[in-house]
Amino acid sequence: MMLEDHHETLWRECFCLSCQRVHRVLMPEAKGKTCFSSRGWVFTLGRDWEVYMLKNPMSHHNYIIKLPKLKFPDIEDLPHYDNFSAKFVLSASPTTSLDYMVMVIYGRGGRLGFWKPGDKEWTAVDYPSPTCWDLVFYKGCFVAVDCEGSILRCDVNGPTPFETQVIFRMPRRLVHWEHPDLVQPTTGHRLLMSGVYLVQSPTGSLLFVSRWEEREPARTFRFQVFEIDLNTQTYTEVKSLGSTSLFLGSNSSFYLEANEEHHIKPDCIYFADDSWPWLSEEGGGRDMGIYHIEDRTTELYFMAMAYDHYSFPLWIEPSF
């Protein structure tokens, strides 16, 4: 987990699950930047809209790729940086494939953009949705979910590479702002939606994960996991992840097998603070934890404090 940006230093702190220690890593390229991650790479986004890709900061080799500024021909001005939210997703790691591609969710409107090596600028992707919430590279295509629970696919190698198609719809009640069934036990208040994620499971299926919470009088978290079968157009609630766990946040979501040596617990959801509307005046990093699916309990984990509105912890997919 890469922790918050201290601004006054060129170092970033990374908490390693394997050794349970915090390491200081020299990352001048990330100073004052908002960071995201995908497939072990860190994306940095500056206030000048410059984008860089950095190889896993815990690796011993520096590898930096400069991408075009995050500007789009059909949009005159991006939203103000204060209102910006995003997720960058790689199709493959640049260290293992020269044919990697990048898709981004950008702006408060949750737009989609595409870039691949050789392109001089980002390309806007057309989609019939109000706001995209999450994105994953799944079976050769980029797949997104919007705020209405629609699952959209973009086949960038197909005949219409910059258009999306709706391939599935989750019930609206599962993406409503207030959950119809989940309540906080002590107050009776309905839990509020605070995140939706897409993850590829170990068996190759597509998982839809929703995050719900209540903040007062005490933080209460609930996650629901559903497996989507695109062939039968059905979904099934997942009661157990078995020996695997999910890692969610401003990173592109991924799973890992439980491993005592690396301190990864089974059947859990490791989550990091990525809810921009909830960031306090002091910053983010307040809502991080391990959610145990079996008994629905949460361990608040490595509580950090970010130093501005644009910095929050994120998981970086390991290479072991």
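In this predicted model, Cys141 counts as buried, at 10% relative accessibility. The cysteine sulfur closest to that of Cys141 belongs to Cys154 and sits 7.7 Å away, which is too far for a bond. A comparable situation is met at Cys14, whose sulfur has its closest cysteine counterpart in Cys16, at 9.2 Å, so that a bond is again ruled out by distance. Cys14 is buried as well, with a relative accessible area of 3%. In keeping with these distances, a search of the whole structure returns 0 disulfides. Since a disulfide requires cysteine sulfur atoms within 2.5 Å, the separation of 7.7 Å explains why Cys141 and Cys154 are not counted as a pair.

Turning to the overall fold, the protein chain contains 24 strands and 0 helices. Of its 320 residues, 55% are classed as buried. The surface exposed by the protein chain comes to about 14700 Å², with 49% of that area supplied by carbon and sulfur atoms. Contacts across the sequence are well represented: when residues at least 6 apart in sequence are considered, 48% of the contacts join residues at least 24 apart.

Strand E17, spanning residues 206-214, makes a good place to look at the strands in detail. Here 9 of 9 residues are buried, and the cover extends to both faces of the strand. One side carries Leu206, Phe208, Ser210, Trp212 and Glu214, while Leu207, Val209, Arg211 and Glu213 lie on the other. Strand E16 (residues 190-200) runs antiparallel to E17 and is joined to it by 8 bridges; within this pairing, Gly195 has Arg211 as its bridge partner. The hairpin formed by E16 and E17 has 5 residues between the strands, and Gly204 adopts a positive phi there, near 95 degrees. E17 is also joined to strand E18 (residues 220-229), again in antiparallel fashion, through 9 bridges. In that pairing, Glu214 of E17 is placed opposite Thr220 of E18. As a general point, the strands of a sheet pair through backbone hydrogen bonds, in either a parallel or an antiparallel arrangement.

Within E17, Ser210 deserves a closer look. Ser210 is buried, with a relative accessible area of 0%. Its side chain makes a polar contact of 3.0 Å with the side chain of Trp212, a residue listed on the same side of E17 as Ser210. Beyond the neighbours within four places in sequence, Ser210 touches Leu174, Met193, Gly195, Arg222, Phe223 and Gln224. The C-alpha atom of Ser210 is separated by 7.9 Å from that of Ser194, a residue 16 places away along the chain.

Elsewhere, an open sheet is built from 4 strands with antiparallel pairing, in the order E3-E4-E5-E6. Its edges are formed by strand E3 (34-38) and strand E6 (64-67), each of which pairs on one side only. On average, and with direction ignored, neighbouring strands in this sheet are turned by 25 degrees against each other. The antiparallel pairing of E3 with strand E4 (residues 41-45) extends over 5 bridges, and Leu45 of E4 is the bridge partner of Thr34.

Two loop residues complete the picture. Asn251 is located in the loop between strand E20 (244-248) and strand E21 (254-257). Despite this loop position, Asn251 is buried, with a relative accessible area of 0%. A polar atom of the Asn251 side chain lies 3.3 Å from the backbone oxygen of Phe247. Once neighbours within four places in sequence are set aside, the contacts of Asn251 are with Ser37, Lys87 and Trp315.

Gln20, for its part, occupies the loop between strand E1 (11-16) and strand E2 (21-26). With a relative accessible area of 37%, Gln20 is partly exposed. The side chain of Gln20 reaches the backbone oxygen of Leu17 at a distance of 2.7 Å. Gln20 also has a spatial relation to a distant part of the sequence: His263 is 243 residues away along the chain, yet the two C-alpha atoms are 8.0 Å apart.

Definitions and conventions. Residues numbered from 1 in each chain as written. Predicted model: local features only at pLDDT ≥ 70, side-chain atom pairs only at ≥ 80, totals over all residues. Heavy atoms only, no water. Buried < 20%, exposed > 50% of the residue type's maximum accessible area, 1.4 Å probe, protein only. Polar contact = N/O pair within 3.5 Å; in protein donor to acceptor, adjacent residues only side chain to side chain. Contact = heavy atoms within 4.5 Å. Pairing = 2+ DSSP bridges. Axes fitted to C-alpha atoms, helices over the stretch in contact; angles between N-to-C directions. Areas by Shrake-Rupley, 256 points an atom, 1.4 Å probe, with all protein chains shown as cover.
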